[in-house]
Each structure stands twice: as structure tokens, then as C-alpha cells.
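Please look through the model shown below before reading the notes that follow. The briefing goes from the overall fold to the cores and then to individual residues.

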Amino acid sequence: MNRFRLISTTTLSFAIAGAAAASELRDASKDMFAPLPSTIPAVSDNPITPAKIDLGKALFFDPRMSASGVFSCNSCHNLATGGDDNMPTSIGHGWQKGPRNSPTVLNSVFNEAQFWDGRAEDLKAQAKGPVQAGVEMANTPENVVATLNSMPQYVHWFKESFPDETDPVTFDNFAKAIEAYEATLTTPAPFDAWLNGDDNAMSAEQLAGLELFMDKGCASCHNGVNLGGNGYYPFGLIEKPGADILPEGDKGRYAVTETADDEYVFRASPLRNIDQTAPYFHSGLVWDLKVAVQIMGESQLGEDLSDDEADKIVAFLGSLTGEVPEVTYPVLPAETAATPRPTGEVK
């Protein structure tokens, strides 16, 4: 009887100690991270309505927003493959290769700025960029508006989405509608459930990886609701990677600020769904997530992460992979005789 009580007491003590450690880890995590909100987040200067979301969805999937009629937003931000195109750099107009890896569109509404160099302040500004980029969709605002005005269904949808405007079919409103749709593309994950109090949402290995992620200093750059997307840091803070990972010709945020201190500075990558979005880094030159973790340990933290440590961190990153909203492919308006014809000409 006494032996039974001793075993029971010891088991209870370990259980209490484990619960206390888990509680401490959750409290520390809440100081660094935040769970996804349960509702569609608000965006500045763009009230989100069901009509605007539906319009934005149509525009997101419509390849006629490109000059060639081939490429849509979904081409490089494919919602079936993690919100990106799973290529080192994207293929665009005239089969040209873009200069950087395409970031995921999933949860991008939580980034403080868009693109690897942060040159777009929000998703409205971001939506205008690829449409006009010669290596991406190679279109013009004027041609986009002419295309939309040529299809009565689009004109009707714009009037429903922007009812207070006399001429709602504008390039600005085109971008606002896409932003409204993209704001819905959030992916609640096991990590969110765990932050919200579900002790069973993450495995012991994932929790060990989270503890390492914080103890090693990863969370100093990858924090907040998106575990990144909210700060700019030199790639190679401690040790600069070689050209096989960090191309010499891409100086990152320097192209935006023209400040010497911003050479090879990039926005911290958001980490949600990261195990779905290989290859990694702005160069897209690393395909293995474990290798990417170890490279970051060396270059950013001066840490030589062991295989076991890297495996645990990768396990934690898996807890950030969430449920993608169900997507039904939209039926798009038909062209008319007035619709501008596609062109594959590379200028």
C-alpha cells in the first residue's frame, strides 16, 4: 500500500511538473507570438464586404488581367500548392524568369509590408505590382480597366462592390477587391489551437522544437501572428552565405531605400505553412527545410544546429501548417468584341 502511494505520488509530481513547464512555455510564447484571429482582419481604407470578396476572387483567378491572357495572380500564388508556385523563381510573360522566389499569399494580410524588400506597404499596393511588371503579367492599368469595362458582368460586380462611386471600374478598386479576397486566405493551424489553450494540439517533439526556436533566438526575427513578415534583417547577420544561396546581384531592400545599410537586407519570411512552400529564401535555391533551418542558424544566429535540434525545429514548423480555406474555382465573365486581345510580345 505504501509502495503504491509512493508510485502514485511520484507520477503525480511528474505530471504537475510537466503541466507547469507547458504553462510556462505557453506564457512565454504568448509574449512572442499571437494566434490567428477568428474573423477576417480589417485592412486600411478598404471596408471588406461579401461582394468585394467575390469580385476580388474572380480577379485573382482571371488570366485576362495579364497582357498575354495566360497568367493570373493564382499562377504564382497557387492556392492548391501552399499559396506559391513551388519554383525557385516564377515564370511570367514570354516565359521570362522573375528575379525572386514567389512568397505565399496565405496569411499575407498579416505582413507589415509586401514583397521580400517591403516595397509595397499593403496588399492593395502589392496587387498592382505584378500586373505591371514586364517579367510577370506585363499589363498596364489602362488595359486592365479597358478589359474590365468590356465585360458587363464585371461592370455590374464593381458597382455592387463600390456602390458609392459613380465610376467604380478603376485600377485602384481592382487592387482593393483583390486585397479583400486575399484577406480571407488565412490558415488556422495546430499552433493557434495550442496558443488558445488546447494542450493536445501539438506533439511533444513540436513543443521541444518551439522551445528551441525561442531559446536559440529564431523568434527574435520570426515573431508576431505570422511568425515573420514584420521586420527587415541582413541575410548573413553573423556569417554571409555564399552565392549559391545569396546571389551577389540582389541587394534586397537597398533597391528601395538606396541606403548602404540596407544592402542584402530582406523582410523576415513569415513561417506559416513553410513546409508547403519549398524552395526557400528569396533566391529559391534551397529545397530542404531542415537545410534551410541549419543555414539560418549559422548565418543569422552563429549557431551550429545539430541534426536533432534541426529536426525538432522542423517539427515545430509543421505545427504552423494550417487549414486552407476551401476554394471553388470561379466562373468568369465572357469576353466581348470590345475586350482587348491578348499579346505575347515582350517589350
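Is glutamine 132 buried, partly exposed or exposed? Glutamine 132 is partly exposed, because its relative accessible area is 40%, where buried means under 20%, exposed means over 50%, and partly exposed lies in between, computed with a 1.4 Å probe and protein chains only. The model is predicted, so that local features need pLDDT of at least 70 and side-chain atom pairs count only at pLDDT 80 or more, while totals for chains, interfaces and linings use all residues. Residues are numbered from 1 along each chain as its sequence is written, and side-chain values use heavy atoms, with hydrogens and water left out.

**Overall fold**

- The secondary structure comes to twelve helices and two strands, these being DSSP runs numbered from the N terminus (H or I with at least four residues for helices, E with at least two for strands).
- Along the sequence, these elements follow the pattern α-α-α-α-α-α-α-α-α-β-α-β-α-α.
- The C-alpha trace spans about 90 × 45 × 30 Å along its principal axes, and 49% of the 347 residues count as buried.
- Among contacts (heavy atoms within 4.5 Å) with a separation of 6 or more, 71% are between residues 24 or more positions apart.

**Surface and charge**

- The accessible surface, from the Shrake-Rupley method with a 1.4 Å probe, comes to about 16400 Å², and carbon and sulfur atoms account for 54% of that area.
- The 24 positive and 48 negative charges have mean positions 3 Å apart, where Lys and Arg count as positive, Asp and Glu count as negative, and His and the chain ends are not counted; each charge is placed at NZ of Lys, CZ of Arg, CG of Asp or CD of Glu.

**Nonpolar cores and helix H12**

- The largest nonpolar core, a set of buried Ala, Val, Leu, Ile, Met, Phe, Trp, Tyr and Cys residues joined through side-chain atoms within 4.5 Å, has 36 residues, and those with the most contacts inside it include Phe33, Phe213 and Phe316.
- Helices H8, H9, H11 and H12 each supply at least two residues of this core, and the largest share, five residues, comes from H9.
- A second, separate core of 32 residues includes Phe61, Val155, Phe171 and Tyr181.
- Phenylalanine 213 touches, among others beyond four places away in sequence, Ile313, Phe316 and Leu317, and these three residues are among the buried residues of H12.
- The cover over the buried residues of H12 includes helix H8 (190-195), helix H9 (204-215) and helix H11 (289-301).
- The twelve residues of H12 (307-318) should span 16 Å at 1.5 Å a residue, and this agrees with the 16 Å between its end C-alpha atoms, since the expected span is 1.5 Å times one less than the number of residues.

**Helix H4 and histidine 93**

- Glutamine 132 lies in helix H4 and touches Asn139, Pro141 and Phe171, not counting residues up to four places away in sequence.
- Alanine 127 is also found in helix H4, and alanine 127 counts as buried because its relative accessibility is 5%.
- Beyond its neighbours within four places in sequence, alanine 127 is in contact with Phe174, Ala175 and Ile178.
- Histidine 93 sits in the loop between helix H3 (73-76) and helix H4 (123-132), and histidine 93 is buried because its relative accessible area is 2%.
- Leaving aside neighbours within four places in sequence, the contacts of histidine 93 include Ala67, Phe71, Met137 and Glu345.
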